[in-house]
Amino acid sequence: MIKNRMMQLTEDLYDDLDDDMEMVVPILTECDVDDDFMDGIENIGNEIPILPLRNMVLFPGIAMPVMIGRQKSLRLAKEVQGKKILIGVVCQKDRETDDPGMDDLYNIGVIAEVVRVLDMPDGTTTAILQGKKRFELKELTQTEPYLKGKVELLEDVVPDKKDREFEALISTIKDLTIKMLKSAGDPSRDMIFSIKNNNNVIYLVNFSCTNVVNGAEKMELLLIGDLKDRAYRLLFILNREYQLLELKNSIQLKTHEDINQQQREYFLQQQIKTIQEELGGNINEQEIKALKAKAAKKKWSAEVAETFEKELRKLERLHPQSPDFSIQTQYVQTFVNLPWNEYSKDNFNLKHAEKVLDRDHYGLEKVKERIIEHLAVLKLKGDMKSPIICLYGPPGVGKTSLGKSVAEALNRKYVRMSLGGLHDEAEIRGHRRTYIGAMTGRIIQNILKAGTSNPVFILDEIDKITSDFKGDPAAALLEVLDPEQNNAFHDNYLDVDYDLSKVMFIATANNINSISQPLLDRMELIEVSGYIIEEKVEIAAKHLVPKQLEAHGIPKKSVKFPKKTLQVIVESYTRESGVRELDKMIAKVLRKVARKIATNEVVPESIMPEDLHEYLGAVTYNSDKYQGNEYAGVVTGLAWTSVGGEILFVESSLSKGKGSKLTLTGNLGDVMKESAMLALEYIHAHAGQFGISEEFFENWNVHVHVPEGAIPKDGPSAGVTMVTSLVSAFTQRKVKPNLAMTGEITLRGKVLPVGGIKEKILAAKRAGIKTIILCSENKKDIGEIKEEYLKGLEFHYVDDISQVIKLALLDEKVSNPIF
């Protein structure tokens, strides 16, 4: 007799509900002590219908509801219902098999009666099976419309009732089963009462077997024919399951006390984790697998690989809700994403490199030559430490943009790091991981961005680095820019040495005087001087005009800038060493052109010099012109400024007075004032040599003026100009026409070399100068200037001031001397 009461097991045994059964729900059965559940078994033949079940085991004496899903199973259940026909129930080995054969089924099963077939409200069909006796399946004799097979009944060995050991075993199983039910939930009193008072040992053992979670262990229990051995094995399994339940309950009890928001979030995350696993896997585990896969492809050394494995194991031990989890994840991701020993292949085609450099930059011959030399050595040797180059010069001459051209010429990646205003050492070396928000330094960040370990790395504005209480970034750069040390650069965040020796560092600076000497010592200095007018015109024609036409949406051939127009813009509207201001002026013109095009006005095909007043307004700067030599005491000098070379005039005059008074005007710096005093003292000491009477120094005051007094002027290169001006004033001998000079003087009358020769020579040529006096040691600088820029110029090289006076002054005096 079957009672309409069911017991939910402690664990859900099955995950897939679209099958023969939904879950194990044994039905409590009232049975006598001696009931062996053999009713009707005597009429069974050796061939019976077979019902395969997925991952479910039926035991003798146990009534169990089973969900019917397959058409064959459904037809079998409908056909035998109410006919007292017994069937064989066996478990299939693989639950995923839809149409099992003999090899797919276990050979031990249970004879069962289909008590009832129920059509459920949700459209499914459930059959209630009553297990009776074990059997062995010999073979399948039929597969359609359902399975049939030959069977052989198996006898169970039941211990004698007087076996005290077996009696204690059954009592222990009862108690343990009740404990498990209570640990898993709140069983009904009827269930507890039924288990305690049921004395049918076969039913009790088999009922407890249904409480075993693992399907394979259930099948193992069914295979045991000796009931005592089955009970012992069952007790072992129940003890293990009960201990796990107790441990689980103990953990839940501990974590339940004083639960807070963080713990609540933890449990929610665990639920999310379970859902994620059901949908295809935990995200964190997938990320770790991805990191391992990426690490397997890395070319790093054994030491680096060991460090990564150590950090990855640490990450695996951390819980996702731990504050350290995100920090460790960021570190491991940074570590594995770095291009360890990964290099782009250099392009050794020297012709290509020259073509790229010439295409992008006009001039800069020294820099181009150095890059080609490096590429040539690299091609011959195959490997070398990259040089540390420092390009220094005035703003706007293309120092930074040169890096892109070098990268393209070498076929390397390009990265740029601006050092202007940098004052924290950690920006270079990174922060230690103990700090909140720690990250790598900007050196490693840019290597990560480049994706290779040999990019062209521009360190822009290296002279603008500052230092404060956070450290000196310039000192941190010493390791980066030292070819003997940067193969083991240590970033505080990585805490592992990284090889920077293949990186081609190119630093840029405007003023190398503000760079520390140890840092300068590690770099190869290449001066990038300002462009001359001719070079600016070429740069504008080849680069700036096409760029601005495209930027303003104007077709390339619709508006032209003749070179004479560009020259007027350079000379009259800009005053700079580079071409930034020139670029702005061209953009200003094209903005007005764009407006005319947009309003359908007539636009000239070429922008002529006379049109510039309309587009750019009045002339901003007047170019220096030679002003002649009508007066004694006026000498043309050559000067270098931040915007290029210029000519300047030194004027000297004498006035009656007490003598020994020197007046200097023209916004002169200290060095230039000292040059004037030095010139006067030298002339006083050598007055006889120049034919100057001593009374001039006693009765005449001297005034030296350098025009354009609003512009600050300084430097020693006007020394010879001042001496010549004073001698001209004292002797009233005029300077030869179209002559200019530059050089520093000493108290002994020696002429010393000065810098900026190229810019000074070009300024002299623009002003109409024909003859130039220089120090003999500056002759080498003339050799570096293109021949085309020297046409029409005559050079005189001197070592002593007496040579300058002899070359510069005319023999006759002015017709109306002032004294």
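This is a short walk through one predicted model, going from its sheets and cores to its rings and a few odd spots in the backbone.

Okay, let's start with strand E5, residues 86–92. How many of the residues of E5 are buried? The count is 7 of 7, so we can call the strand mostly covered given that buried means under 20% relative accessible area. If you remember your strand basics, side chains in a regular strand alternate between the two faces of the sheet. In E5 both faces are covered. On one side you've got Leu-86, Gly-88, Val-90 and Gln-92, and on the other Ile-87, Val-89 and Cys-91, all buried.

Now the neighbours. E5 pairs with strand E3, residues 47–54, in the parallel sense, over 5 bridges. With strand E6, residues 108–119, the pairing is antiparallel and there are 4 bridges. Val-89 is a handy one to click on here. Leu-51 stands opposite Val-89, and in E6 the bridge partner of Val-89 is Val-110.

Val-89 also leads us to Leu-129. Leaving out residues up to four places away in sequence, Leu-129 touches Leu-51, Leu-58, Ile-62, Ala-63, Met-64, Val-66, Val-89, Glu-113 and Val-114. Which residues touch the most other members of the largest nonpolar core? Leu-129 is one, and Leu-234 is the other, in a core of 55 residues. There's a second core too, separate from that one, with 53 residues, including Ile-388, Met-417, Leu-494 and Met-523.

Next up, the open sheet. Here 5 strands line up in the order E10-E11-E14-E9-E15, with parallel pairing. The edges are E10, at 414–418, and E15, at 524–527, and each of those pairs on one side only. Ignoring direction, neighbouring strands in this sheet are turned by 20° against each other on average. To look at one pairing, take E11, residues 456–460, and E14, residues 504–509: they run parallel and are joined by 4 bridges. Phe-457 has Phe-505 as its bridge partner in E14.

There's a helix on this sheet as well. H13, residues 399–410, lies across E9 (388–392), E10, E11 and E14. Against E11 the helix runs at about 175°.

On to the aromatics. The model has 13 aromatic pairs. One of them is Trp-300 with Phe-308, and you'd describe a pair like that in two numbers. In general, those are the distance of the centres and the angle of the planes. For Trp-300 and Phe-308, the centres are 5.1 Å apart and the planes sit at 40°, so this pair is tilted. Are these two residues buried or exposed? Trp-300 has a relative accessibility of 13%, so it counts as buried, and Phe-308 is buried as well, at 1%.

These two belong to a cluster. Ring pairs link Trp-300, Phe-308, Tyr-331, Phe-335, Trp-340, Tyr-493 and Tyr-498. And look at Tyr-331, where Arg-433 lies over the face of the ring, at 3.7 Å from the ring centre.

One more bit of packing, helix H19, residues 563–573. The buried residues of H19 are Thr-565, Leu-566, Ile-569, Val-570, Ser-572 and Tyr-573. They pack against three helices: H18 (533–551), H20 (580–598) and H21 (612–616).

Now the backbone oddities. Where is the cis peptide bond? It runs from Glu-144 to Pro-145, with omega near 0°. Pro-145 is in the loop between E7 (125–142) and E8 (147–153).

Then two asparagines with positive phi. Asn-341 has phi near 55°, and you'll find Asn-341 in the loop between H10 (323–337) and H11 (350–360). At 36% relative accessibility, Asn-341 counts as partly exposed. Asn-738 has a positive phi of about 55° too, although it is not a glycine. Asn-738 is in the loop between E20 (733–735) and E21 (739–741), and it is partly exposed, with a relative accessible area of 25%.

Last one, for a sense of span. Lys-196 is in helix H3, residues 189–197. Skipping residues up to four places away in sequence, Lys-196 touches Lys-174 and Ile-178. How far apart in space are Lys-196 and Phe-469? C-alpha to C-alpha, they are 81 Å apart, with their positions 273 residues apart in sequence.

How values were computed: Residues are numbered from 1 along each chain as its sequence is written. This is a predicted model: local features need pLDDT of at least 70, side-chain atom pairs count only at pLDDT 80 or more; totals for chains, interfaces and linings use all residues. Side-chain values use heavy atoms; hydrogens and water are left out. Two strands pair if DSSP finds at least two bridges between them. Axes are lines fitted to C-alpha atoms, for helices over the stretch in contact, and angles run from 0 to 180 degrees between N-to-C directions. Contact means heavy atoms within 4.5 Å. Rings of Phe, Tyr and Trp (its six-membered ring) pair if their centres lie within 6.5 Å; planes under 30 degrees apart count as stacked, over 60 as edge-to-face and the rest as tilted. Buried means under 20% relative accessible area, exposed over 50%, partly exposed in between (1.4 Å probe, protein chains only). A charge sits over a ring if NZ of Lys or CZ of Arg is within 6 Å of the ring centre and within 35 degrees of the ring normal. A nonpolar core is a set of buried Ala, Val, Leu, Ile, Met, Phe, Trp, Tyr and Cys residues joined through side-chain atoms within 4.5 Å.
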